[in-house]
Every structure is written in C-alpha cells, then in structure tokens.
Amino acid sequence: MTDVQAFTDGACLGNPGPGGWAALLKAKGTERLLAGGEAHTTNNRMELLAAISALEAITRSCRVELTTDSRYVIQGIEEWVPRWIANGWRTADKKPVKNQDLWERLAAAVARHTVSWKWVRGHTGHVENERVDQAAREQAEQLRDHA
C-alpha cells in the first residue's frame, strides 16, 4: 500500500534557458503542490529537481509511488546511479556524470523512503501529469518574463 502519491514534471524554455519544476503530493485525501524554478537551467535538471523536491518534502519515511513522464529520471535512479557510484561518478566512457549534484540528492532522498517509480506518457491527458506540467511551465514563464 502506498502512503504518498507524488507526481512530478520539469519544463525549460530553451535548453538551457529559464526552467520550472512542480510536484504534486497526495496523501490521506489531501494535496500539496510544490513548484520552483531557475533562471538558467536545463530540462533534465528541472525533472530531477521535481522528483527531489517531492521526496524531500515528505518528512517521515514512507512508501511513495512517484509518477513522472521523465524516462531520464527513472532510468537514471534505477539503472545508472548504482553504476556511477561504483565508477566514482564517471560514465562508462570515463567522463564526469552530468548533474551529479542532483543525482546525489535524489539518491539520498530515495534512500529515506520505499519508492516505486511509475512512468506516464506526457501530454496525454493524465490529470496529475497535466497539472504539474502546467505548474512547471508557469514557473519557467515567470522567470522568463521577469528576466
């Protein structure tokens, strides 16, 4: 049984450019929407920050089902991070891992919970995914408009 459902998304206007992230947490009939952004970033960083922010906002260890449209986040945390750690944060071709700072934060946040990852295709009418997509885009647009 899942204690918390989390839905996350990231957006970037240009890549790099102004970006936003959003996370929707659902537990015991309540909802909490988190959002933020950075003036100069990438889509991958925003996808990672969305997942990190969702998990870091959950203060007690629990079972979390995290739904994202980012295969990068899911494949990274499930497959790549263990290899990168074993290789001293180097890729298979011995290059430094991109976004290592965020992968380390995500790995630490995941370690506090029992997380099951669920992928959903973006922009297909999935209600929660559409909500976090809209909130992430709004964050990016606000940063662009106030630059």
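Helices here are DSSP runs of H or I with at least four residues, strands are runs of E with at least two, and both are numbered from the N terminus. With that in hand, Asn99 is easy to place: the loop between α2 and α3 is where it lies. What you're looking at is a predicted model. At its heart for this briefing is an open sheet of 5 strands, with helix α1 packing on it and helix α4 lying across β1, β2 and β3.

**The sheet**

- Reading across the sheet, the strand order is β3-β2-β1-β4-β5, and the pairing is mixed.
- The edges belong to β3 (30-41) and β5 (114-119), each of which pairs on one side only.
- From one strand to the next, the twist averages 20°.
- As background, strands of a sheet pair through backbone hydrogen bonds, either parallel or antiparallel.
- Strand β1 (residues 4-12) and strand β4 (residues 63-68) run parallel and are joined by 5 bridges.
- If you want to find that pairing on screen, look for Gln5, which stands opposite Glu65 in β4, and for Ala6, which stands opposite Leu66 in β4.
- On to the next pair: β4 and β5 also run parallel, with 6 bridges joining them.
- A handy marker there is Thr68, standing opposite Trp119 in β5.

**Helices on the sheet**

- Helix α1 (residues 43-57) packs on the sheet and touches β1, β2 (17-27), β3, β4 and β5.
- The direction of α1 makes about 155° with that of β1.
- Helix α4 (residues 127-145) runs at about 145° to β2.

**How α1 meets α3**

- Two packed helices are described by the angle between their axes and the distance between the axes.
- For α1 and helix α3 (residues 100-111), the angle is about 25° and the axes are 9 Å apart.
- Angles under 35 degrees count as roughly parallel, so α1 is roughly parallel to α3.
- The crossing of these two helices, α1 and α3, is left-handed.
- On the α1 side, the residues in contact are Arg45, Leu48, Leu49, Ala51, Ile52, Leu55 and Glu56.
- Their partners in α3 are Asp101, Leu102, Trp103, Arg105, Leu106, Ala109 and Val110.

**Two residues in helices: Glu47 and Gln75**

- Glu47 has its place in helix α1.
- Buried means under 20% relative accessible area, so Glu47 counts as buried at 6%.
- Leaving aside residues up to four places away in sequence, Glu47 touches Asp9, Gly10, Thr68, Asp69, Ser70 and Val73.
- Glu47 and Lys98 sit 51 residues apart in sequence, and their C-alpha atoms are 14 Å apart in space.
- Gln75 belongs to helix α2 (residues 71-86).
- With a relative accessible area of 32%, Gln75 is partly exposed, because that value falls between the 20% limit for buried and the 50% limit for exposed.
- Gln75 and Trp117 are 42 residues apart along the chain, and 9.7 Å separates their C-alpha atoms.

**Cysteines**

- A disulfide is a covalent bond between the sulfur atoms of two cysteines.
- This structure holds 0 disulfides.
- Cys12 is buried, with a relative accessible area of 18%.
- Cys62 is buried too, with a relative accessible area of 6%.

**Backbone oddities in the loops**

- Most residues other than glycine have a negative phi, and most peptide bonds are trans.
- A cis peptide bond joins Asn15 and Pro16, with omega at about 15°.
- Pro16 lies in the loop between β1 and β2.
- Lys28 has a positive phi, near 50°, and is a residue other than glycine.
- You'll find Lys28 in the loop between β2 and β3.
- Exposed means over 50% relative accessible area, so Lys28 counts as exposed at 77%.
- Asn99 has a positive phi as well, near 65°, and is also a residue other than glycine.
- At 15% relative accessibility, Asn99 counts as buried.

Terms used. Residues are numbered from 1 along each chain as its sequence is written. This is a predicted model: local features need pLDDT of at least 70, side-chain atom pairs count only at pLDDT 80 or more; totals for chains, interfaces and linings use all residues. Side-chain values use heavy atoms; hydrogens and water are left out. Buried means under 20% relative accessible area, exposed over 50%, partly exposed in between (1.4 Å probe, protein chains only). A disulfide is a pair of cysteine sulfur atoms within 2.5 Å. Two strands pair if DSSP finds at least two bridges between them. Axes are lines fitted to C-alpha atoms, for helices over the stretch in contact, and angles run from 0 to 180 degrees between N-to-C directions. Contact means heavy atoms within 4.5 Å. Angles under 35 degrees count as roughly parallel, over 145 as roughly antiparallel, 65 to 115 as roughly perpendicular and the rest as oblique. A crossing is left-handed if the near helix is turned anticlockwise from the far one by less than a right angle, and right-handed if clockwise.
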